[in-house]
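Subject: Structure handover

Hello,

Here is the structure we talked about passing on. Please open it alongside this note. My findings follow below.

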Amino acid sequence: MRSSLAAAPWHLVRTYATATGTARATGGSPPRSSRLGATLSLDHFLLRARVLSLYRTIIRGTRRIQDPTTRAETRRFAREEFERRRGVTDLGHIRYLLSTGKTEWESMERYIDGM
């Protein structure tokens with residue numbers, strides 16, 4: 001007797017990516033390589049969205065800085081900090097950086113509002 005999974009067409013077998021970029025399937029071969037690179041895990045995808053949201057919040061918040069030189073310097077600093085940590089893949093470290101970044105931005109925001 002054959003299993004129903006063995007008879008299933010491979011294009012219908014659900015696959016998902018792990019944090020290392022390798023694929024696991026619910027009973028099949030690995031997925032085709034993506035033209036976009038490694039596939040993100042769900043946790044990485046969600047954290048990436050939170051990081052981008054924080055970055056956008058910071059850039060929008062710098063609009064309130066009156067001095068153009070200080071505004072440009074603050075934006076450059078924020079971008080450099082995000083770029084410097086672009087390659088971090090450890091979920092715990094990303095969460096830590098996100099929490100630290102939010103805390104730093106909130107204190108900077110209080111300073112900007114007091115200007």
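Start with Arg63. Arg63 sits in the loop between α2 and α3 (68-84). Its relative accessible area is 59%, so Arg63 counts as exposed; the cut-off for that class is over 50%. Arg63 also belongs to a positive surface patch. The other members of that patch are Arg48, Arg56 and Arg60.

One caution before you go further: this is a predicted model. Please read every value here as computed from that model.

Now the overall layout. The chain has 4 helices and 2 strands. Along the sequence they run α-β-β-α-α-α. Of the 115 residues in the chain, 16% are buried.

Next, a small polar cluster to look at. Which residue's side chain makes a polar contact with the side chain of Ser41? The partner is His44, at 2.8 Å. Ser41 lies in the loop between β2 (23-25) and α2. His44 lies in helix α2, which covers residues 42-61. So this contact links a loop residue to a helix residue.

Are these two buried or exposed? Ser41 has a relative accessible area of 10%, so it is buried. His44 has 12%, so His44 is buried as well. The cut-off for buried is under 20%, and both values fall below it.

His44 has another partner to check. A polar atom of the His44 side chain lies 2.7 Å from the backbone oxygen of Thr89. When you display His44, show the side chain of Ser41 and the backbone of Thr89 with it.

Then go to helix α3. Arg84 is located there. Arg84 is exposed, because its relative accessible area is 57% and the class begins over 50%. Its side chain is not without a partner: Arg84 and Glu81 are joined side chain to side chain by a polar contact of 2.9 Å.

Last, helix α4, residues 91-113. Ser99 is found in this helix. How exposed is Ser99? Its relative accessible area is 43%, so Ser99 is partly exposed; that class lies between the 20% and 50% cut-offs. Ser99 and Val51 are 48 residues apart along the chain. Their C-alpha atoms are separated by 9.8 Å.

For a quick tour, take Arg63 and its patch, then Ser41 with His44, then Arg84 with Glu81, then Ser99 with Val51.

Best wishes

Conventions: Residues numbered from 1 in each chain as written. Predicted model: local features only at pLDDT ≥ 70, side-chain atom pairs only at ≥ 80, totals over all residues. Heavy atoms only, no water. Buried < 20%, exposed > 50% of the residue type's maximum accessible area, 1.4 Å probe, protein only. Polar contact = N/O pair within 3.5 Å; in protein donor to acceptor, adjacent residues only side chain to side chain. Patch = residues over 30% accessible without salt bridge, like charges linked within 9 Å, V, L, I, M, F, W, Y side chains within 5 Å. Areas by Shrake-Rupley, 256 points an atom, 1.4 Å probe, with all protein chains shown as cover. Salt bridge = Lys/Arg side-chain N within 4 Å of Asp/Glu carboxyl O. Lys, Arg positive; Asp, Glu negative; His and termini not counted. Charge placed at Lys NZ, Arg CZ, Asp CG, Glu CD.
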